[in-house]
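Reader: I have a structure to go through, and I want the reasoning behind the labels. Can you take me through it step by step?

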Amino acid sequence: MSANRDEVMAEIRALLVKNFRLNGEDITPESTLKSLDLDSIDFIDLISELERNRKLRFAPNDFAGVKTIDNVVSILAGDAAPGSFAPKDQQK
(Lines give C-alpha, C1' and ligand atoms only; values in the text may rest on other atoms or scores of the structure.)
Protein backbone atom coordinates (compact mmCIF):
# COMPACT_ATOMS: atom_id res chain seq x y z
CA MET A 1 0.00 0.00 0.00
CA SER A 2 1.13 3.54 -0.67
CA ALA A 3 1.66 5.96 2.22
CA ASN A 4 -1.71 7.59 1.57
CA ARG A 5 -3.45 4.19 1.50
CA ASP A 6 -1.64 3.20 4.69
CA GLU A 7 -2.82 6.42 6.36
CA VAL A 8 -6.41 5.86 5.24
CA MET A 9 -6.30 2.24 6.43
CA ALA A 10 -4.94 3.37 9.81
CA GLU A 11 -7.71 5.98 10.09
CA ILE A 12 -10.43 3.42 9.32
CA ARG A 13 -8.89 0.86 11.66
CA ALA A 14 -8.74 3.43 14.50
CA LEU A 15 -12.38 4.40 13.98
CA LEU A 16 -13.52 0.78 13.94
CA VAL A 17 -11.56 0.00 17.11
CA LYS A 18 -12.80 3.12 18.90
CA ASN A 19 -16.45 3.12 17.82
CA PHE A 20 -17.18 -0.58 17.45
CA ARG A 21 -14.70 -2.04 19.95
CA LEU A 22 -13.13 -4.29 17.35
CA ASN A 23 -9.67 -5.78 17.66
CA GLY A 24 -7.38 -3.81 15.35
CA GLU A 25 -5.55 -6.99 14.35
CA ASP A 26 -8.79 -8.38 12.93
CA ILE A 27 -9.21 -5.42 10.57
CA THR A 28 -7.43 -6.06 7.29
CA PRO A 29 -7.93 -4.67 3.79
CA GLU A 30 -9.73 -7.93 2.92
CA SER A 31 -12.15 -7.63 5.87
CA THR A 32 -15.81 -7.38 4.96
CA LEU A 33 -18.56 -5.79 7.02
CA LYS A 34 -19.93 -9.27 7.61
CA SER A 35 -16.57 -10.67 8.75
CA LEU A 36 -16.30 -7.77 11.22
CA ASP A 37 -19.89 -8.39 12.37
CA LEU A 38 -21.01 -4.93 11.23
CA ASP A 39 -24.37 -4.18 9.69
CA SER A 40 -25.39 -1.48 7.24
CA ILE A 41 -26.22 0.98 10.04
CA ASP A 42 -22.72 0.47 11.47
CA PHE A 43 -21.31 1.18 8.01
CA ILE A 44 -23.30 4.41 7.79
CA ASP A 45 -21.94 5.36 11.21
CA LEU A 46 -18.39 4.69 9.98
CA ILE A 47 -18.92 6.86 6.89
CA SER A 48 -20.38 9.63 9.08
CA GLU A 49 -17.27 9.51 11.28
CA LEU A 50 -15.05 9.70 8.19
CA GLU A 51 -17.02 12.74 7.03
CA ARG A 52 -16.49 14.44 10.40
CA ASN A 53 -12.78 13.57 10.52
CA ARG A 54 -12.17 14.75 6.97
CA LYS A 55 -14.62 17.66 7.00
CA LEU A 56 -16.20 16.29 3.81
CA ARG A 57 -19.64 15.26 2.69
CA PHE A 58 -20.09 12.09 0.70
CA ALA A 59 -22.93 11.49 -1.73
CA PRO A 60 -25.36 8.72 -0.79
CA ASN A 61 -24.05 6.38 -3.52
CA ASP A 62 -20.32 7.07 -3.10
CA PHE A 63 -19.86 3.86 -1.12
CA ALA A 64 -22.60 1.79 -2.75
CA GLY A 65 -21.50 -1.74 -3.48
CA VAL A 66 -18.31 -1.73 -1.42
CA LYS A 67 -17.48 -5.21 -0.20
CA THR A 68 -14.22 -4.81 1.70
CA ILE A 69 -12.38 -2.31 3.83
CA ASP A 70 -9.94 -2.02 0.92
CA ASN A 71 -12.81 -0.79 -1.29
CA VAL A 72 -13.39 2.06 1.18
CA VAL A 73 -9.65 2.77 1.30
CA SER A 74 -9.53 2.87 -2.51
CA ILE A 75 -12.26 5.50 -2.67
CA LEU A 76 -10.81 7.66 0.10
CA ALA A 77 -7.26 7.39 -1.27
CA GLY A 78 -8.46 8.38 -4.75
CA ASP A 79 -7.59 5.05 -6.36
CA ALA A 80 -11.23 4.35 -7.25
CA ALA A 81 -13.99 6.73 -8.18
CA PRO A 82 -16.82 7.20 -5.68
CA GLY A 83 -19.63 4.84 -6.63
CA SER A 84 -17.39 2.64 -8.74
CA PHE A 85 -18.19 -0.48 -6.70
CA ALA A 86 -21.94 -0.12 -7.19
CA PRO A 87 -23.66 -2.48 -9.61
CA LYS A 88 -23.58 -1.01 -13.12
CA ASP A 89 -27.28 -0.09 -13.01
CA GLN A 90 -26.69 2.04 -9.86
CA GLN A 91 -23.57 3.91 -10.97
CA LYS A 92 -23.72 7.62 -11.66
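Author: Start with what a helix is here. Helices are DSSP runs of H or I with at least four residues, numbered from the N terminus. K55 sits in the loop between α2 and α3. Keep in mind that this is a predicted model.

Reader: Why is K55 called exposed or buried?

Author: Exposed means over 50% relative accessible area. K55 has 74% relative accessibility, so K55 counts as exposed.

Reader: What is notable about the phi of K55?

Author: Phi of K55 is near 55 degrees. That is a positive value in a residue other than glycine. D37 also deserves a look: its phi is positive, about 60 degrees, and D37 is not a glycine.

Reader: Where is D37, and what makes it exposed or buried?

Author: D37 is found in the loop between α1 and α2, the latter being residues 40-54. The value for D37 is 68% relative accessibility, so D37 counts as exposed.

Reader: Which residue just after α3 has a positive phi?

Author: G78 does, with a phi of about 85 degrees.

Reader: How do you know whether α3 is mostly covered or mostly open?

Author: Buried means under 20% relative accessible area. Helix α3 spans residues 69-77, and eight of its nine residues are buried. Among them are I69, V72, V73, I75 and L76. N71 and S74 are on the buried list too.

Reader: Why is P82 put in the class it has?

Author: P82 lies in the segment after α3. Partly exposed is the class between the buried and exposed cut-offs, 20% and 50%. P82 has 41% relative accessibility, so P82 counts as partly exposed.

Reader: Why does E11 count as buried or exposed?

Author: E11 belongs to helix α1, residues 3-20. At 19% relative accessibility it falls under the 20% cut-off, so E11 counts as buried.

Reader: Which residues does E11 touch, leaving out those up to four places away in sequence?

Author: L50, N53 and R54.

Reader: How many aromatic pairs are there, and what makes the pair of F43 and F63 edge-to-face?

Author: The structure holds two aromatic pairs. The ring centres of F43 and F63 are 6.3 Å apart, and pairing needs centres within 6.5 Å. Their planes stand at 75 degrees, and over 60 counts as edge-to-face, so that is the label.

Reader: Which parts of the chain does that pair tie together?

Author: F43 lies in helix α2 and F63 in the loop between α2 and α3, so the pair ties together parts that are 20 residues apart in sequence.

Reader: What makes the pair of F58 and F63 edge-to-face?

Author: The centres of F58 and F63 are 5.1 Å apart and their planes are at 85 degrees, so this pair is edge-to-face. Ring pairs link F43, F58 and F63 into a cluster.

Reader: How do you know whether F58 and F63 are buried or exposed?

Author: F58 has 16% relative accessibility, so F58 counts as buried. F63 is buried, with a relative accessible area of 7%. F43 is buried as well.

Reader: How many cavities of 30 Å³ or more are there, and which residues line the largest cavity?

Author: The count comes to one cavity of 30 Å³ or more. About 40 Å³ of space lies in the largest cavity. Its lining includes T32, L33, F43, V66 and K67. T68, I69 and V72 line it too.

Reader: How does that lining divide by class?

Author: The lining has five nonpolar, two polar and one charged residues.

Key
Residues are numbered from 1 along each chain as its sequence is written. This is a predicted model: local features need pLDDT of at least 70, side-chain atom pairs count only at pLDDT 80 or more; totals for chains, interfaces and linings use all residues. Side-chain values use heavy atoms; hydrogens and water are left out. Helices (H or I, at least four residues) and strands (E, at least two) are DSSP runs, numbered from the N terminus. Buried means under 20% relative accessible area, exposed over 50%, partly exposed in between (1.4 Å probe, protein chains only). Contact means heavy atoms within 4.5 Å. On a 1 Å grid over the protein atoms alone, a cavity is a set of points where a 1.4 Å probe fits but cannot get out, and a pocket is an open set with protein on both sides within 12 Å along at least five of seven lines; lining residues have an atom within 4 Å of a point. Grid points are joined across faces, edges and corners, and a volume is the space filled by probe spheres set on the points. Ala, Val, Leu, Ile, Met, Phe, Trp, Tyr, Cys and Pro count as nonpolar, Asp, Glu, Lys and Arg as charged, and the others, Gly among them, as polar. Rings of Phe, Tyr and Trp (its six-membered ring) pair if their centres lie within 6.5 Å; planes under 30 degrees apart count as stacked, over 60 as edge-to-face and the rest as tilted.
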